[in-house]
Amino acid sequence: MSTNQTLKGDELAVAHRELEPRRSSAAVTLTAGLLGFALVCLDASIVNVALPAMGSSLGGGMSGLQWVVDAYTLAFAALMLSTGAFSDRVGASRAFGLGTAVFTLASAACGLAPNLPTLVGARVVQGVAAAVVLPASLSLVRQAYADPARRARAVAVWAAGGSVAVALGPVAGGALTTAWDWRGIFFVNLPVGALILVLLLRAPRSGRRPAPLDLPGQVTAVIALTALTFAVIEGGTAGWAALAVAVVAAAAFLRIEARHPHPVVPLGLFRDRTVAVTVAAGAAVSVAFYSMVFVFSLFFQQVQGRSALQAGLMFLPMTGLIAVTNVVAGKLAGRHGARLPMLLGQGLAVAGLLAMLYVDADTPPAVVALLLVPMALGCALTVPPLTAAMLEAVPAERAGLAAGVLNAARQMAGALGIAVFGALVSDGFVTGMRLSLVVSAALLAVTGLLSFRLAGPSASRA
């Protein structure tokens, strides 16, 4: 063997030894990011089935239960507008570690809450931390893989973790509430949070880069959304006062965004027809999906007298098919463009919602569980193509910002839907439930008609 061959062999051996730690650290980073994303997604859905048990333990009535859900969702949604920039400024690994630590501590505070106000306050902190975790976890995964193909597969695995968590949420919430107590749905986060922090110690540190923040826009957005939600949930004189605050804050937000050099929501984005339609469709899907999970979690337990575990199992048929449908939707969008799967999805969801109008207290739970499936599949068929269509409609350098705006709009719409539909069912459950179904179907019908205006298959592929 020649000297040159020996040297080449030594170089390959060194390269192999250097590559293995990188692959190992990338796998560790992906695991940590996936668990973090799954954790914050889980807490958006695991709570619903435990709400009646919380009400029995802490009191507070329907409005209190609405705040338990919306305190988390509002903080999560509103702050997501800025936390991507925050993650860039401090470094994704630091932001992810900070967000995970705060989320874990807030989960402990939720589990130990002696009363409803304390629980709602801890849920706000959870939502703030979740808003930091989500973009930071995705940034970590993207940074861990230099090869575009491996990065794409890693991001797909990361996204699947969130879908699985959402699907398991109602079942896990019912099982923990039945076997332990409603506090168990929060305590289960503690070992997962600790594991994420341990994994993060082995992940590479992220660099920092300058990213502008729009604090006035962020503050006015939070005030407007919180005040509007308060007005819907609480009503009365305080509700009208809150509505006035919401209007003023919203006007201030629009004025700030129109003038700020780096707005959290660039209003010019919505001049593009595709962006406007996809954001509207995403919001309508969230109203239907998240609000129906909230309403039917209460229906199974408060109207039909089922246990928390039985209620959770009723959602398994609909949530178990979501991840598979997401994959099918992506393939349909790649072959036919975004318009066809969006139209099919929204049409299926509308039909499913209207079919549930015949549900009442005497409808067998298994039948209700099956009737929920078309609505869920329609929503799952709509989201991937609308996300892809929006990202294709904006320049590459604005893709992250556009995704943040879309996700924030979807979370905010879900929170407002829960506020509105919770108020409707509090005055007569079955009647309010049916009205909620009609409103959700009407919103999806409108956005379905708007989806006809999207580019056709050939334009989408181009």
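Trainee: In this predicted model, how are H3 and H4 oriented to each other: roughly parallel or roughly antiparallel?

Mentor: Two packed helices are described by the angle between their axes and the distance between the axes. In this predicted model, H3 and helix H4 (residues 92-112) pack with their axes 9 Å apart and at an angle of about 150 degrees. Because angles over 145 degrees count in this way, H3 and H4 are roughly antiparallel.

Trainee: Which residues of H4 make the contact with H3, and how do the residues of the contact divide into nonpolar, polar and charged?

Mentor: From H3 come Tyr-72, Phe-86, Ser-87 and Val-90, while H4 brings Ala-92, Arg-94, Ala-95, Leu-98 and Phe-103. Taken together, the residues of this contact of H3 with H4 are seven nonpolar, one polar and one charged.

Trainee: Among the eleven aromatic pairs in the structure, what kind of pair do Trp-67 and Phe-230 form?

Mentor: The two partners come from distant parts of the chain, since Trp-67 lies in helix H3 (residues 61-90) and Phe-230 in helix H9 (residues 215-234), 163 residues apart. The ring centres of Trp-67 and Phe-230 are 6.3 Å apart, and with 40 degrees between the planes the pair is tilted.

Trainee: Is Trp-67 buried or exposed?

Mentor: Its partner Phe-230, at 31% relative accessibility, counts as partly exposed. For Trp-67 the relative accessible area is 16%, and because buried means under 20%, Trp-67 is buried.

Trainee: What distance separates the C-alpha atoms of Val-164 and Gly-320?

Mentor: Val-164 is found in helix H6 (residues 148-179), where Val-164 is partly exposed with a relative accessible area of 43%. Although Val-164 and Gly-320 are 156 residues apart along the chain, their C-alpha atoms are separated by 8.1 Å.

Definitions and conventions. Residues are numbered from 1 along each chain as its sequence is written. This is a predicted model: local features need pLDDT of at least 70, side-chain atom pairs count only at pLDDT 80 or more; totals for chains, interfaces and linings use all residues. Side-chain values use heavy atoms; hydrogens and water are left out. Rings of Phe, Tyr and Trp (its six-membered ring) pair if their centres lie within 6.5 Å; planes under 30 degrees apart count as stacked, over 60 as edge-to-face and the rest as tilted. Helices (H or I, at least four residues) and strands (E, at least two) are DSSP runs, numbered from the N terminus. Buried means under 20% relative accessible area, exposed over 50%, partly exposed in between (1.4 Å probe, protein chains only). Axes are lines fitted to C-alpha atoms, for helices over the stretch in contact, and angles run from 0 to 180 degrees between N-to-C directions. Angles under 35 degrees count as roughly parallel, over 145 as roughly antiparallel, 65 to 115 as roughly perpendicular and the rest as oblique. Contact means heavy atoms within 4.5 Å. Ala, Val, Leu, Ile, Met, Phe, Trp, Tyr, Cys and Pro count as nonpolar, Asp, Glu, Lys and Arg as charged, and the others, Gly among them, as polar.
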